[in-house]
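Here is a short report on selected contacts and packing in one model. It starts with charged side chains and then turns to strands and helices.

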Amino acid sequence: MGGIGKTTLAKDLYAKLCSQFERHCFLENVREESSRYGLNVVRNKLFSTLLELRLDATYVETPIFMRRLACEKSFIVLDDVATLEQAENLNINNNCLGPGSRVIVTTRDKQVCSEFDECEIYEVKELDEYESLQLFCLNAFGEKRPKVGYEKLSESAIGYCRGNPLALKVLGTNFRTKSKQAWESELEKLKKIPNRRIHDVLKLSFDDLDHTQQDIFLDIACFFSMMHQWYEDRDTCRDDLICLLDACNFFAASGIEVLINKALITCKDFNCIDIHNLLQEMGQEIVKQESPKNPGRRSRLYDPEEIYDLLKYNKGTEVVEAMVFDSYKVENLHLSSDSFKGMTNLRYLQIRNTCFERKSSNVYLPDGLGWLSDKLRYLSWDVFPLESLPSTFCFERLVQLIMCKSKLKKLWDGIQKLDNLKFIMLNDSKDLVEVPDLSGAPNIEVVSLSYCESLCQLHPSILNAPKLGELHLNGCINLESLKTTTHSKSLYKIDLTGCSSLIEFSVTSDEMVWLSLSGTAIHELASSIWHNSKLTHLFLRKCQKLNIVGKKLSNDPGVMPLKKLDLSGCTQIDTLNLWHILDGLQYLKHLHLKECCNIEALPDNIQEKSMMENLILDECKKLKSLPKLPASLQKLTAINSTYLNTDSIQQTMLENMLHKLHTKSIQDRSNDFYEISFIPGGQVPREFDFHTTETSIVIPPIPKFGLSAFIFCIILSEGLNVSYNGVYCTIYERGKQVQKCYVGGRVTLISDHVMLSCQYVNDELVELGSESGDDHYNLSFEFKYYVDEDDGEFWSTKGIKGCGIFPVYDLKLRLELDGRIIGRDEIVELQSSAQSYNTEKLESKLEALMMKMTNNKENEDDKSSFECSIGLLLKDMLEESKLYFSSKMTTYCNFHSTVSLDAVD
C-alpha cells in the first residue's frame, strides 16, 4: 500500500548499513525514473553509481567492471519497483555480486519479488493506535501527546488514517497551528473530499491495473465495501465476490489476486476481502471525477442524498452500473414506475430501507415498478413494497436475489430461465405464501426463507435442485411437511428450527452434515435420516413430542459420525433412554442436555465417549449424580442443577485441566486455550491455596521459570445475572496490566456456583518478566463481569463472593517405557514460603510411584495406571505442599529422568 513506510524503512537501513559494504547504491523512484527516462537509463545509473563512474558513462557493463563487482561486497536498494519489466531490467545476477552482497527491493506489488532469486518478503504493517497517535502528534503539535482539548479530534484523525504513516504525517502537518473549529471542519471535509496528496500517492497503484482489474477494484471500493457497512463489517466473502464479478466477465480470480499482490485489498481470515478506508476513498474519488457535477453520469453511486435526487427526478443514465442506497438516511421517497428505466447497464442494486430500529419502508412504489435492468447480477431490496416482482423483469443474468422483510406474496408466475441464479434470500417476508418453480435454476446453491410465517409448503423443485447446498426454513411456523424421495448429492445443511407445525421430515443427502429439527412437532425420527451418512451436527432442542424412548440414534453402532447432539428440552429423555441414544456414537464431542428435566443420572456409557469435549447439563433439576467422566472433557456446565453432588466433579475437571495443560506440546499452546467448569457450589476447591473471599487477590512472589498457565476459580452468588460478555480476569505484574482472560458466559443463578477456567501465560507477561531481571513474579488478579442493562454498560464485581488462583508449572519428566520415550509435564503449585513442607512424605510417594512404574512397565494397560498415579501424586502434593520443590526433590527428578526402567530391573 502506498504511504505505508517502505521507502522510509529502506532509507533508514541503507544509512545504517551502507558503510559496511565496499560498494553501495540507493536507486530511488524506479517507477518514476523508468517512466520518465527509460529502463536503460535507470539500469545505467545503477551500475555507474556502484562503480563510482559518471552517470553519463557508457559501456559500464564491460567484463572488467563486472569482474570488479563480483569481487566486492555490494549493498543495493531498488526503491519503488512497480512492474515485472522494471524488476527484470534491474535484476543483477548473483554471480555478478561479491559474497555477502545484499539487495533490498521496495514495491507495492508482491509479484515483483518473483524476479529475484532467494527473495524473502517482509510486508510492512500499519502502525498500531499508540504508534499512530505519536506520529500524528509529532507532526501536529511537535510532541508525542495531543494538546489538552484536542484528544478527541486527534483520535478521529488517526481513526481516519488507520495506521498509514503518510496520511498521519500529511494530516498532522496540515492541522498544525489550526484552531479546533478548523480541525472539525477539515475532518468533516475528509468525509467528502480526500486529501489530494494522499490520493495521488495511493492512485499510482490503481494506474498500474488493466481495465478489468480497475473495474474490480472500483466495484469493491464503491459497492461491495459499502453494502456491508450497515453491519459495521466491510468484509466480503472472496468466493461470493468472484461469483458476482465473473458474471460480469471480469476474470475475477486472477484480478483479485493482482489486487492482493498490489496491497489494494487484503484477504483476511475465513477468506474474506477487506479494503483500507483510504484506498476505498481513493476509489470513490476516481468515480466521482467521472462526472463531478452530475451523479447520473457516474458508473457507481453510493451517496444517499445524490441517489435520492437521481431517483426522484429520473436522472439515471446508461452510465450507472452499481448503486447502494441507504434510503433510511433520507426522507420518504415515492418512486415512479420508470425510475430505473434509464439505467440500462445497472449490474448491482441494493436498497436498504431499514435500520435495526425501524421495520417499515420509506421507499414507495405507488404506481408499481415497470422496469429493471436485464443486466442485473445482484438485486437486494429490503422491505420491497410490492406483492411480486414486475413481469417485465428478465432474471436470466441474476446471481443473487435478496428481499428480506418484503411485502411479497410470490416472486413471479410460471417458470423463469435462471441459469445464473445461485442465491435466494427472502427472510422475514411474512406475507409470502408460495415459492415459485425453480426447475429453471439448475445452479441454485442457497435458499433462505427464514421466518416466512405464511409459507405452508415448499415447491418440490427446490429439494430436487442438483446443486442445492443450504436450505434455511427456520421460523416458518405454518410449514407442516418437508419430504422428498429424491436423494440429494449436494445438500449439506437444513435448518428447520422453530417450525412448530412441522410433523413430517424425510430428506436425505450424500453430503448432509448439519440438521436442525429443534422446536418442531415431529413425533419420531424417520429411518431415512440415517441415510445421511456424513451427519455430524444434529439439533433436536425442545422437540417435546419426539418419541425416542428405547430408541438408538444409529441403527449401525460405531458408524454414526455424529459430533454434536443437542437434546436440550426433550422432556421424555431419562437415564435409560439416554443410554440407548448414546450407544454407538463413538465420535461424539458435544452433548447438550439443558432442561432435560427427567434425567436423574447420566448413563455409564458416557465414559466411553473418549472424544467428548463439551457437556451441558444446565437446568437439569432432577440430576443428582454423574458417573466417571471422559478425560477428554474440556467444558462442563451444570448451571442451576442444584441437586447435583459436585465435590467429585470439581476434582475430575481440575484433573482434566491439568492433564490437558501438561500434555499439550509447547508448539500447540495458545492464549485462546479454553476449558471451563461451571457447577453449583460455594467454596474454592481445597487444591487452591491462593484464595480469598474478595474479588481480587495478591499472591506471594512466585518463580518465573517454568510458569506456563493459571487455573482460575470464581464463586458467583445466587441471583446473579452475568452478562453475555461474561466474566474476565485481569492479571497485573507489579501493578501493570499484562493479561486479560475471558472466563465465562451469560447465566442467571438460583444458587451459589463455582466456575473453574484455565489460561496459558501470554507473551507480554513473559517479556515483562525477562526485562525485569528478577527471578520472581509479583502478581495480582482482579475479577469482574460485564453488565449490559437498559441504564448503561459497565463492569461490576457485585455478586462475586471469592476467587482462587492455581499457578501451573512445567517440570519435564522423561521416562522410557518399552523402548519408547514419552514426555510428561509435571505440575507444581508454588505456595507461600511461610508454611512448612513434608519432604519425607513426598519422597516416599515418589519412591512408591517409581516402583509401581517399574513393576508394571511391561503391561500396556498400565500406561493409564501410570497417568492416574501421576494425578494422585499431584493431588497429594497439592494438599500437602506449602513450599516449592526442595532442591532434593529436583535432584531426584533429574536423576530419574535419565534412568531406563530396564536398568532399574
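## Salt bridges

Lys417 is partly exposed in this predicted model, with a relative accessibility of 48%. Its salt-bridge partner is Asp419, and their closest N and O atoms lie 2.8 Å apart. Asp419 is partly exposed too, because its relative accessible area is 29%, between the 20% and 50% cut-offs. Elsewhere, salt bridges with shared partners link Asp215, Asp219, Arg300, Glu321 and Arg347 into one network.

Two further pairs show other settings. Lys191 bridges to Glu188, with 3.5 Å between the closest N and O atoms. Lys191 is exposed at 63% relative accessible area, while Glu188 is partly exposed at 48%. Lys329 and Asp326 also meet through their side chains, at 3.6 Å from N to O. Here Lys329 is exposed, with a relative accessible area of 54%. Asp326 has a relative accessibility of 5%, so it counts as buried. The count of salt bridges comes to 39.

## A three-stranded sheet

Three strands form an open sheet in the order β1-β2-β3. The pairing is parallel. β1 (23-27) and β3 (102-105) are the edge strands, and each pairs on one side only. On average, neighbouring strands are turned by 5 degrees against each other, with direction ignored.

β2 covers residues 74-78. Five bridges join β2 to β1 in the parallel sense. Within β2, Ser74 stands opposite Arg23. Helix α3, residues 39-50, lies across β1 and β2. α3 runs at about 150 degrees to β1.

## Helix α2 and its surroundings

Which residues of helix α2 are buried? α2 spans residues 30-37, and its buried residues are Val30, Arg31, Glu33 and Ser34. Several elements help to cover them, including β1, β2 and α3. Helices α5 (84-90) and α10 (196-207) are also part of that cover. Gly38 comes just after α2 and takes a positive phi of about 100 degrees.

## Where α2 meets α3

The axes of α2 and α3 come within 7 Å. They cross at roughly 125 degrees. That angle makes α2 oblique to α3, because it falls outside the ranges for roughly parallel, roughly antiparallel and roughly perpendicular.

Which residues meet at this contact? From α2 come Glu33, Ser34 and Tyr37. From α3 come Leu39, Val41, Val42 and Lys45. By class, the contact has four nonpolar, one polar and two charged residues. Glu33 and Ser34 are thus listed both at this contact and among the buried residues of α2.

## A buried loop residue

Asn427 sits in the loop between β14 (423-425) and β15 (446-448). Is Asn427 buried or exposed? Its relative accessible area is 13%, so Asn427 is buried; the cut-off for buried is under 20%.

What does Asn427 touch, leaving aside neighbours within four places in sequence? Its contacts are Met403, Cys404 and Lys405, together with Ser448, Leu449 and Ser450. Of these, Ser448 lies within the residue range of β15.

How values were computed
Residues numbered from 1 in each chain as written. Predicted model: local features only at pLDDT ≥ 70, side-chain atom pairs only at ≥ 80, totals over all residues. Heavy atoms only, no water. Pairing = 2+ DSSP bridges. Helix = DSSP H or I, 4+ residues; strand = E, 2+ residues; numbered from the N terminus. Axes fitted to C-alpha atoms, helices over the stretch in contact; angles between N-to-C directions. Contact = heavy atoms within 4.5 Å. Buried < 20%, exposed > 50% of the residue type's maximum accessible area, 1.4 Å probe, protein only. Parallel < 35°, antiparallel > 145°, perpendicular 65-115°, else oblique. Nonpolar A, V, L, I, M, F, W, Y, C, P; charged D, E, K, R; others polar. Salt bridge = Lys/Arg side-chain N within 4 Å of Asp/Glu carboxyl O.
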